[in-house]
Amino acid sequence: MYKSRVVCFFSEAQSEQPIIYRLVKDYNLVINILKADINPRKEGYLVVELSGNREDYDSGIGFLKDLGVRVEPLSQTVVWQEENCVQCGACASFCPTGALAIDRSTMEISFDNSKCVVCGMCLDCCPTRAMTVHFNIGAPL
Amino acid sequence: MGVKRTYEEINEKIRKGQAVVVTAEEVIGIVEEKGVEKAAQEIDVVTTGTFGPMCSSGVFLNFGHSNPRIKMQKVWLNGVEAYAGIAAVDAYLGATQLPENDPENKVFPGRFSYGGGHVIHDLVAGKEIRLEAISYGTDCYPRKKIDTVITLKDINEAILFNPRNAYQNYNCAVNLSDRTLYTYMGILKPRLGNASYSTSGQLSPLFNDPYYRTIGVGTRIFLGGGVGYVAWHGTQHNPNVPRNELGIPMGGAGTLAVIGDLKQMKPEWLVGASLLGYGASLIVGIGIPIPILDVEMMRFVSVKDEDIVCPIVDYSEGYPYCKPGNLGYVNFKELKSGQITIEGKKVTTTPLSSYPKARQIAEILKEWIKNGQFELTAPVLKLPSAGDPVVINSLPERDVNGRNGRRW
């Protein structure tokens, strides 16, 4: 079982194709869409977590590239701006994976980036906007 | 019942650096170990703290006069309007005021990224603030427009004056409907998806002096990282709500109006807040010292999270449409555990007030008192307490002739 989070950038022509369907159906990949956005010109990006066996994963990525989708690895996406954090703890109750967690003895908050799936809930519920999203993109796959 | 202390005796010990000061969190263990009487003999002062969004906050500003002079009729600071219907170059900037042309909730839920609370934070942080003002011109104030940049240092006065802070208890907010709600209590997920609360519980000032015996007009406090004072009872101050056997109100009760010089405050204790779909606000840090005048005061300050309960209120129908009743009560120990049970369902809790920062405030105030830089003041006027004739009215809606007034 191989699992990886990637950002897929696509243009208008690609955004009208059922890319996700093909990945599931033809490449047997489990897809978790973490974030997606399409602008009015129909260009956009998808942040997805892909899992499946390594062979399927590689051919799935190959399929995306053949379509002209730019695929880049995702890392360090949500950043905790600790200096802006007031330690209220509101975020922890919205974090689906426990990446943001409260130590119940001190009521202090901590952030474990490796558990973060970039759902963005913390960006909405933080009153001081101490959570920000950064697409720290590495070399193309 | 032998212990009796006066403010003067406590201050004498503070001046000598001999005062025994502990926080409202530390005192709990001391009382459990030694008992109330012994603890009262040993401890002089207990410090409290709270750090949460307090919308009823703002700052009076005097900008100084330009040449030629202007009688500022409308004033904006970084695009956020301040109320200028007072003397020529005075204005009041409120924490929830939004910039002109803010999208508000036009695309719901609005983000409210910048408002009065953020301007106050930027002022305290020493940042440059754009000041715009217009007027109609008079013989004594001929100028009609000004557009300049100020900092907190430049202007004559900046007086934080918050008409309602430090609420003694508050609702625990939930959502019984099928859609997500965006409220001043934060995001409330549908079908009891979470339960939001905002208080520092056992550390909160008014829970440690439930009948306002020592906190009154003139009480010197920690305010926004500097020194401030209790100016009056806060708006909506209601001492006559039901109380439990310890005297702790079982719902929103007392409030404080507080005042202090913004120039000696610190940006980390006055932080702008953006509540999705609701608006802008200001997170205010307040700490109040409680003098242990006698055993009764020691008993009050030994209050624990499990002694404090608050009502669970539905914010889909109950709160907005003023429907009486609640979904029961929950204590703060349960709320702080991260999960409570409502109508048989396990519900995750969402804190809005920062407990770690409240603890830090109580610690800072403790240090100030211990090293002799902060003396206690006796109230010059008591706040209305339980049994005093205070009634909170709803707003009557009358017809144009003033008849048929109804209250809900």
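Trainee: Why does B:Thr23 count as buried?

Mentor: B:Thr23 has 24 C-beta neighbours inside 10 Å. A residue is buried if 20 or more other C-beta atoms lie within 10 Å of its own, exposed if 12 or fewer, and partly exposed in between, with C-beta atoms placed from the backbone. So B:Thr23 counts as buried. One caution: this is a predicted model, where local features need pLDDT of at least 70, side-chain atom pairs count only at pLDDT 80 or more, and totals for chains, interfaces and linings use all residues. Residues are numbered from 1 along each chain as its sequence is written, while chains are lettered from A and ligands numbered from 1 in the order in which they are written.

Trainee: Which residues does B:Thr23 touch, not counting residues up to four places away in sequence?

Mentor: They are B:Val46, B:Thr47, B:Arg359, B:Ala362, B:Glu363 and B:Lys366. Two residues are in contact if their C-beta atoms, placed from the backbone, lie within 7 Å. B:Thr23 itself is found in strand 1 (residues 21-23) of chain B.

Trainee: What makes that a strand?

Mentor: Strands are DSSP runs of E, at least two residues; helices are runs of H or I, at least four; both are numbered from the N terminus. Chain B has seven helices and 24 strands.

Trainee: Why is chain B called as compact as a globular protein of its length?

Mentor: Its radius of gyration is 23 Å. That radius is taken over C-alpha atoms, and the globule rule is 2.2 Å times the number of residues to the power 0.38. For 408 residues the rule gives 22 Å, and 23 Å is close to that, so chain B is as compact as a globular protein of that length. Of those 408 residues, 47% count as buried.

Trainee: What does the contact between chain A and chain B take from each?

Mentor: The contact takes 17 residues from chain A and 24 residues from chain B. The chain A side divides into eight nonpolar, five polar and four charged. Ala, Val, Leu, Ile, Met, Phe, Trp, Tyr, Cys and Pro count as nonpolar, Asp, Glu, Lys and Arg as charged, and the others, Gly among them, as polar.

Trainee: Where is confidence lowest in chain A, and where highest?

Mentor: Lowest is strand 9 (residues 136-137) of chain A, at a mean of 57. Highest is strand 6 (residues 100-103) of chain A, at 97. The score is pLDDT, the predictor's confidence in each residue, from 0 to 100. The mean for chain A is 88, and 94% of its residues reach 70 or more.
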